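Me: Please take a close look at one part of this structure, the site of the ligand, and describe its surroundings in a connected account.

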Amino acid sequence: MCLTDILQDTCARDQRVWDACASVYEDRIVGGHPDVTAYEGFEEDLLDRVLLYLARERKKRLCLYDVGCGSGRLHLRYAMKTTSVAQLKPADAQLLERARRKNPAFAYDPLWAEQLVSVGGVDFSTQMLELARAKLRKNGLGSLLDHKIFFDHGSAFDLQPMEGEPFPVAISVCNSIGVMQGPEGATKLFKAMRRAVESAGGIAIISGYRREAVATFALCNYESTMDVSGQPRWLIPDKYATSHYVQVPRAYKRAHSTDECVVVDVRDTDGNIVKEGHVLTRDNDAVRETVATGHIRTHTAYTSHWYAFDVFEEWIAKHWPSSNAYHIAGKDLDALRGEPMQMAILDTNGELKGLMQRWGCMPERNGAT
Ligand SMILES: C[S@@+](CC[C@H](N)C(=O)[O-])C[C@H]1O[C@@H](n2cnc3c(N)ncnc32)[C@H](O)[C@@H]1O
């Protein structure tokens with residue numbers, strides 16, 4: 001089998017995995033684990049700053065495209081910021097007002113409304129995209145679907161060059177790169193993102209977890225959310241680690257915890273309790289292997305990679321040979337929320353130079369002329 005065939009098989013398997021876990025992923029991860037929501041919050045604030053800088057200081061009209069957009073977290077965010085209740089039918093306006101009261105960060109902003117022309121995205125999971133569309137409708141924003149706010153069902157690796165106007169910003173966030181079919185998929189993502197924005201002079205941003213944070217963050221994250229992604233291979237015993245059971249951790253384990261145990265309630269697939277207070281313990285050899293490789297494996301088909309900082313560095317040099325590519329360790333911008341992550345930014349025409357200088361970020365020396 002050639003690498004492309006293997007990648008296709010892996011894609012088909014991962015598509016099933018993401019379809020199956022979509023709704024529980026939404027509850028337990030997107031809006032759940034505090035360390036994940038902190039990372040998401042950091043990314044959202046950073047992206048706000050990038051888009052505001054481009055809109056205000058570079059006078060750009062923008063289109064945002066989210067690759068591996070999942071349940072449309074960012075679509076919802078920017079749809080809310082750019083929509084005035086006056087545009088909506090009364091029932092939708094009421095829904096939007098109610099949603100805004102719960103989250104003032106989603107307040108309407110005329111600058112966003114004028115400059116952010118569209119928010120699109122692609123994902124290969126139909127269930128994720130269905131969830132995303134439902135979320136928009138639930139918040140009164142259904143009328144924006146399929147024009148200003150849109151979702152493509154497809155592969156992250158097939159991105160086509162985007163138009164130059166509005167100015168394209170392609171993003172792939174929250175470690176989507178880590179679940180995109182291993183290192184071969186990750187390199188395809190780097191190439192696809194460049195292809196999408198380069199001819200238009202646009203910007204590509206990839207954000208993911210770092211292998212260096214596996215011991216401090218990944219172990220705790222995955223132990224806390226095994227009802228989404230399955231029992232991690234480093235926990236024993238594996239008595240309930242099959243598709244006949246769901247193990248629901250009783251609490252979120254926070255980063256840097258050295259607690260070797262996790263307490264779960266075991267349910268069958270109909271939700272009936274099978275065992276309460278079941279204790280799982282870390283197997284030290286399996287922990288050591290996970291920490292060394294950054295390859296997260298569970299007893300389901302779910303798999304994720306946390307890539308080392310120098311691996312991202314190599315991919316940036318190889319696939320984004322530009323004098324305006326940046327590699328940022330999240331902790332250098334925000335030690336509280338960015339600790340486990342890293343970010344690659346391709347700024348084809350140097351539009352972000354001023355902002356990067358403000359943040360103290362230097363471009364990578366990629367040997368580009
Ligand atoms: C970790 S989730 C992140 C979702 C979203 N970006 C967020 O921040 O909430 C990764 C998403 O990537 C999608 N995905 C994985 N591999 C993909 C591929 N090759 N093409 C398109 N989508 C893919 C999954 O379906 C899933 O929705």
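Reply: In this predicted model, the shell around the ligand is made up of 11 nonpolar, seven polar and two charged residues. Of the 20 residues around the ligand, those that come nearest are Gly68, Arg73, Asp123, Ala156 and Gln181.

Three of these residues can be described through individual atom pairs. At glycine 68 the partner belongs to the backbone: a polar backbone atom of this residue lies 2.8 Å from a nitrogen atom of the ligand. At arginine 73 the side chain is involved, with one of its N or O atoms 2.7 Å from an oxygen atom of the ligand. The side chain of aspartate 123 likewise places an N or O atom 2.7 Å from a ligand oxygen atom. Each of these pairs falls within 3.5 Å, so the distances at glycine 68, arginine 73 and aspartate 123 qualify as polar contacts.

The cover that the protein provides can also be given as an area. The ligand taken alone exposes 600 Å², and 98% of that area is buried by the protein. As for its location, the ligand sits in the largest cavity.

The wider setting is a protein chain divided into two parts: domain 1 covers 3–210 + 307–359, and domain 2 covers 228–299. The centres of domain 1 and domain 2, taken over C-alpha atoms, are separated by 30 Å. Where the two domains make contact, domain 1 contributes 11 residues and domain 2 contributes seven residues. By these bounds, glycine 68, arginine 73 and aspartate 123 fall within the 3–210 segment of domain 1.

Methods
Residues are numbered from 1 along each chain as its sequence is written. This is a predicted model: local features need pLDDT of at least 70, side-chain atom pairs count only at pLDDT 80 or more; totals for chains, interfaces and linings use all residues. Side-chain values use heavy atoms; hydrogens and water are left out. A residue is near a molecule or strand if one of its heavy atoms lies within 4 Å of it. A polar contact is a pair of N or O atoms within 3.5 Å; within protein, one must be able to donate a hydrogen and the other to accept it, and residues adjacent in sequence count only if both atoms are side-chain atoms. Accessible areas come from the Shrake-Rupley method with a 1.4 Å probe; for residues, only the protein chains shown count as cover. On a 1 Å grid over the protein atoms alone, a cavity is a set of points where a 1.4 Å probe fits but cannot get out, and a pocket is an open set with protein on both sides within 12 Å along at least five of seven lines; lining residues have an atom within 4 Å of a point. A molecule sits in a cavity or pocket if more than half of its atoms lie within 2 Å of its grid points. Ala, Val, Leu, Ile, Met, Phe, Trp, Tyr, Cys and Pro count as nonpolar, Asp, Glu, Lys and Arg as charged, and the others, Gly among them, as polar. Domain bounds come from an automatic or database domain assignment. Contact means heavy atoms within 4.5 Å.
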